[in-house]
Amino acid sequence: MASAPHTEPRIIGPGHTFATVTDKIASLVLQKKTPLGWFVGFAVAFGLLQLLLVSVALLLARGVGIWGLNIPVGWAFAIINFVWWIGIGHAGTLISAILLLLRQQWRTSINRFAEAMTLFAVACAGLFPIIHMGRPWVGAYWLLPYPNTMGIWPNFRSPLIWDVFAVSTYATVSALFWFVGLIPDLATLRDRATNKFVKILYGMGAMGWRGSARHWNNYEMAYLILAGLSTPLVVSVHTVVSFDFAVANLPGWHATIFPPYFVAGAIYAGFAMVLTLAIPLRKFYGLEDFITDKHLENMGKVLLATSLIVVYGYTMEAFMAWYSGSTFERFMIWNRMFGSYGWTYWVLLFCNLLTPQLMWFKRFRTRAGWLFAVAMVVNVGMWLERFVIVVTSLHRDFLPSSWGMYSPTFWDWATFLGTIGLFLTLFFLFIRFLPAISIFEMRTIVPEARLEEERT
Amino acid sequence: MSQLFHPAANSIAKISVVAGALAAGLVAILVLFVLPRSSYVTRQHEARVQPVPFYHAHHVGSMGIDCRYCHTSVDRSAVAGIPPTKTCMNCHSQIWNQAPTLEPVRESWRTGQPIEWVKVHDLPDFVYFNHSAHVNKGVGCSTCHGRVDKMSFVWQEESLLMEWCLECHRQPEKFLRPKSEVYDITYQAPANQLEMGHQLVKEYDVYPQVTCSTCHR
């Protein structure tokens, strides 16, 4: 191992020491003057958040009739957006848990904000199951099993109730993982802050962290345990989400490929979102030394690998529809490709099949601009994938007399854009008030942290 | 540099975690369990003031008028029926026909404008309930409406929550009585209620459904 550092591509810029790493990351939070760009970005995000507020208020006042869904397309934007957001969250958990257990050191500089992204994406996702009822207060007894005044329980055989447990467990573990990881850094901020009030705020978050050997020992144990708990969640959450569809007896949904194909799609979408956030972040804050081209390249590779799995899923859906010999299955895939919504399928293939193939080439993987463009296309593609699955499967019912079309209304779009506003608002607040990159973990990868004879 | 936190902060932090969890649990219990069952929400036992001081205690309890004298369609229809002013005037054209308190009744009689009685047992509009199906299968009036013969202004005796409906729909044998006793407001359940109830379930062919569409049609 001693010679390894010589050949490894750098995952941190040259010349960094414990002090420079700490200074750089802590200064992003503790600087007195907030950059103008932050205010501009925050204003846009906050404006979109207000759109969400208006949309949800109107929804509560008027009911789900303000949305475009109706029989036969009884599930539309709410579930599409739910699955899209929850999928995005998965990269954070994968990076923090699985890459930690696999000792992938390059995860160090991206795990913190990827975990934050996970939490915010789950918050956006969690909104939809609640508001899609139109009367969210009934959600308490529709979603949670407790002895309610109706004397009945939710249907435990329904994947929708499994989903409630999967997502709430996921949100809890992700939040814990994120917070535990923050504790040593909050202590650093507490110690470096000059304002008494700021010191106290960070001090409360640091929970009395002094950095003693015992603290570190407990910390490492807790972090490993949480990583172990999170690992199965990477796979289980989207598996259960896919059951929402796969358990239903509907051509286009009723497929055994769904769980693995959804999980791969989630990681794929998640890494696209990490890239979407990481590239502007490192550009505006000058973090190229920490989020290096090597990081971007690795994420590009993950994007390519998961896109291939997703494409395998698409292929199998089409193949099984033909191979099943079922009239309805065959019609479903034909309708998906050439029916009224056929164009969405071809745009989806452009986004998720063709575009990621650029990642075979190193020149695209290492150029931030290209990667950002590819990531944006993938974000759109993964949203379209859920649109295709939900809408094209539903709008042609078994009986032609029940066929219908779905078109989103202004408020469908407003709610969706509004959750993007919520996500970005939370993210802007996060990068302003918390260290977006883990300070103490970055210290472990500077050359100073290695033994004398290991240093490059 | 002085210490940021007092040593007591450690204890405060630990206590606040436990206290926070307890407080959250308490709020959840209050909001999910206590509040929706409280009479504040269900309006159980709240006597409703009517436009005319019509006292059931007097008419049923003292005079012994049968329920069906006024609620004529209870055994033939979904609704028991609110009596028209004419029913009141059957007696009150002869007795108490000058009483000032009954002026709204006489006014209604003169003008043909019905009295606007306040509905006490008001089920949500998404619930289908049929009186005749119940009284013809051995569910007594007082099982749901209580001792109306002891109420001045009538109140809602039971919660009318769905769990209350299901209590009987799931175990009708606990509440059934012989058909001959359905309109007896003073009826007391016998000691062998369960034994008799099981027998009545068989005899009257009582198999109350608990599927959604039984009541939510």
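# A walk through a two-chain model

Just after helix α3 of chain A, the residue A:G63 takes a positive phi of about 95 degrees. This is a good place to begin, provided that the reader keeps in mind that the model is predicted. The helix that comes before A:G63, α3(A), covers residues 36-62 and so has 27 residues by its definition as a run of helical residues. From its first C-alpha to its last it reaches 39 Å, which is close to the 39 Å expected at 1.5 Å a residue.

Which residues of α3(A) are buried? They are A:L48, A:L49, A:L51, A:L52, A:S55 and A:L59, and these buried residues pack against two other helices of chain A, namely α5 (111-131) and α16 (410-433). When reading such a list of positions, it helps to remember that an α-helix has 3.6 residues a turn, so residues three or four places apart point the same way.

Beyond α3 of chain A, a loop leads to α4 (77-101), and A:P72 has its place in this loop. The peptide bond from A:I71 to A:P72 is cis, with omega near 10 degrees. The loop between α4 and α5 of chain A holds A:R103, a residue other than glycine whose phi is nevertheless positive, near 55 degrees. Both features deserve a second look, since most residues other than glycine have a negative phi, and most peptide bonds are trans. A:R103 is exposed, because a residue counts as exposed with 12 or fewer other C-beta atoms within 10 Å, and A:R103 has 7.

A residue with an intermediate setting is A:S168, which lies in helix α7 (residues 159-192) of chain A. With 14 other C-beta atoms within 10 Å, A:S168 is partly exposed. A:S168 and A:V122 are 46 residues apart in sequence, yet in space their C-alpha atoms are 9.1 Å apart.

Taken as a whole, chain A has 17 helices and 0 strands. Its radius of gyration is 23 Å, close to the 23 Å that the globule rule gives for 456 residues, so chain A is as compact as a globular protein of that length. Along the principal axes, the C-alpha trace of chain A spans about 75 × 55 × 40 Å. Of the 456 residues in chain A, 40% are buried, and among the contacts in this chain with a separation of 6 or more, 81% are between residues 24 or more positions apart.

The interior can be described through its nonpolar cores. In soluble globular proteins, nonpolar side chains tend to be buried together. The largest nonpolar core here has 117 residues, and the members that touch the most other members are A:M117, A:Y268, A:F271 and A:V274. Helix α10 of chain A (residues 258-284) contributes the largest share of this core, with 17 residues. Apart from this core lies another, of 9 residues, which includes B:C67, B:V74, B:V139 and B:C141. Leaving out residues up to four places away in sequence, A:M117 touches A:G92, A:M273, A:V274, A:L277 and A:F427.

Chain B, like chain A, is described by helices, with 11 helices and 0 strands. Its radius of gyration is 25 Å, well over the 17 Å that the globule rule gives for 217 residues, so chain B is more spread out than a compact globule. The C-alpha atoms of chain B fill a box of roughly 95 × 50 × 35 Å along the principal axes, and buried residues make up 13% of its 217 residues. Among its contacts between residues at least 6 apart in sequence, 74% join residues at least 24 apart. As for the confidence of the prediction, chain B averages a pLDDT of 94, and 100% of its residues score at least 70.

Chain B also has a residue other than glycine with a positive phi, B:R43, where the value is near 60 degrees. B:R43 is found in the loop between α2 (39-42) and α3 (56-62) of chain B, and with 15 other C-beta atoms within 10 Å it is partly exposed.

How do the two chains meet, and how many residues of chain B are in contact with chain A? There are 11 residues of chain B in contact with 10 residues of chain A. On the chain B side, the elements that give two or more residues are α1 (8-37) and α9 (162-170), and α1(B) gives the most, with 5 residues. By class, this side of chain B has 8 nonpolar, 1 polar and 2 charged residues. For the complex, the predictor gives an ipTM of 0.80 and a pTM of 0.88.

Conventions
Residues are numbered from 1 along each chain as its sequence is written. Chains are lettered from A and ligands numbered from 1 in the order in which they are written. This is a predicted model: local features need pLDDT of at least 70, side-chain atom pairs count only at pLDDT 80 or more; totals for chains, interfaces and linings use all residues. Helices (H or I, at least four residues) and strands (E, at least two) are DSSP runs, numbered from the N terminus. The expected span of a helix is 1.5 Å times one less than its number of residues. A residue is buried if 20 or more other C-beta atoms lie within 10 Å of its own, exposed if 12 or fewer, and partly exposed in between; C-beta atoms are placed from the backbone. Two residues are in contact if their C-beta atoms, placed from the backbone, lie within 7 Å. A nonpolar core is a set of buried Ala, Val, Leu, Ile, Met, Phe, Trp, Tyr and Cys residues joined through C-beta atoms within 7 Å. Ala, Val, Leu, Ile, Met, Phe, Trp, Tyr, Cys and Pro count as nonpolar, Asp, Glu, Lys and Arg as charged, and the others, Gly among them, as polar. The radius of gyration is taken over C-alpha atoms; the globule rule is 2.2 Å times the number of residues to the power 0.38. pLDDT is the predictor's confidence in each residue, from 0 to 100.
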